[in-house]
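User: Could you take a close look at a single part of this structure and walk me through its surroundings? I am a first-year student, so please explain the terms as you go.

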Amino acid sequence: MTLRFTVSATDGAARRGRLETAHGAIDTPAFMPVGTAATVKAMTPEAVVETGAQIILGNTYHLMLRPSAERVAKLGGLHRFMNWPGPILTDSGGFQVMSLSQLNKVSEAGVSFQSHIDGAKYDLTPERSIEIQHLLDATITMQLDECVKLPADDKRVSEAMQLSLRWAERCKTAFKLRDGYGLFGIVQGGTNGALREQSAKGLIKTGFDGYAVGGLAVGETQAEMFATLDVTTPHLPQDRPRYLMGVGKPSDLVGAVQRGIDMFDCVMPTRSGRNGQAFTRRGTINIRNARHAEDPRPIDEHCRCPACRNYSRAYVHHLVRSDEILGSMLMTAHNLTYYQDVMQGLRAAIAEGRLEAFAAGFHAGEASGDI
Ligand SMILES: CNc1nc2c(CCNCC3CCCC3)c3nc(N)[nH]c(=O)c3cc2[nH]1
Ligand SMILES: [Zn+2]
């Protein structure tokens, strides 16, 4: 294997692990902040490190359009370009094509689309996606896959899952093996247990450094997501990391870790932070609400982040209401710090065999309200 993953403790289906890569190690379970256009919006890399994040996401779709993968390669790759020395995971671009571009078409060859920026035409094949991620010098590369929005009928879900399996094979053939770099397969199959099992088994036959669970957080309920995990993760190898794509809110993270997931990414803490939503141990608040206008307390008195150490809710309320850049910076730093503290709590709870109690305390806190 080119990526070493060791599990140091388990608690039920949950695992405490460590993933060693060419660009540094990742303690799991891990939350990966999203860096769409080669930046975690409103955060310097130093500020991202301070939150506790060890790995971030890059975005193949955006970077292939602007500034182009070739230009990032010419400038020394994504790590150099954005001054993030740690591991970077890049998605393959297919999911973003379906959600962002116009006139996209899926065929056996790949995904063709028009850029949402200037309307230019692109053909994203499995081979080209792997090449782009190589040019970006991604530490962890994702296969090109077809994700179907839910609800969808089993025939449609099955066709997309089979296509993704054929693309997985082509991605593995195109991927250049390098020590400390990895290629992840993506399990599809909607909320259908038989299709999920078929997808997992097909990917394992091809063999990957890690296995993502895709096709979720696309409109299904949390209960449906958890039920799908219950019939998916048991089929995945114990000694390889599992990555649940696009998830999620804090209670999603806790429930998915309890079901054997090791890695997560989600735009929620960054995007909703810029819109005024702050996550706290006692649930979420929207700092734009008038009730915070004269509140001298920090967003969360237990929080170690720059916003909670030095500023009042009243001040952050003022900044966000005034659409000041510092408002986005402080809200993003707070939310990413809160997410990292939840992950740190999960890692410690698994290591000490008290995950169930941690989860119960977490849910009680979220329900306590009065924030
Ligand atoms: C939000 N819900 C969700 N996201 C999914 C994503 C995207 C994960 N986040 C990627 C970052 C966001 C911007 C830069 C990269 C998915 N990606 C793939 N390839 N396949 C999915 O089934 C897939 C499924 C997903 N569901
Ligand atoms: Zn804070």
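Analyst: Two residues are said to be in contact when they have heavy atoms within 4.5 Å of each other. With that in mind, and remembering that this is a predicted model, we can look closely at Leu 253, which is found in helix H10, the helix covering residues 250-258. Its relative accessible area is 0%, and because buried means under 20%, Leu 253 counts as buried. If we leave aside its neighbours within four places in sequence, Leu 253 is in contact with Phe 31, Val 247, Gly 248, Phe 264, Tyr 339 and Met 343. Of these contacts, Met 343 deserves a second look, since Leu 253 and Met 343 are 90 residues apart in sequence, yet their C-alpha atoms are 8.2 Å apart in space.

From there we can turn to helix H14, which takes in residues 325-351. At 1.5 Å a residue, the 27 residues of H14 should span 39 Å, and the end C-alpha atoms are indeed 39 Å apart, so the expected and computed spans agree. Of those 27 residues, 20 are buried, which means that H14 is largely enclosed by the rest of the structure. After H14 comes Gly 353, whose phi is positive, near 65 degrees.

Finally, a word on the cysteines: Cys 303 is buried, with a relative accessible area of 8%, and Cys 308 also counts as buried, at 9% relative accessibility. A search of the whole structure, however, finds zero disulfides.

How values were computed
Residues numbered from 1 in each chain as written. Chains lettered and ligands numbered in written order. Predicted model: local features only at pLDDT ≥ 70, side-chain atom pairs only at ≥ 80, totals over all residues. Heavy atoms only, no water. Disulfide = S-S within 2.5 Å. Buried < 20%, exposed > 50% of the residue type's maximum accessible area, 1.4 Å probe, protein only. Helix = DSSP H or I, 4+ residues; strand = E, 2+ residues; numbered from the N terminus. Expected span 1.5 Å × (residues − 1).
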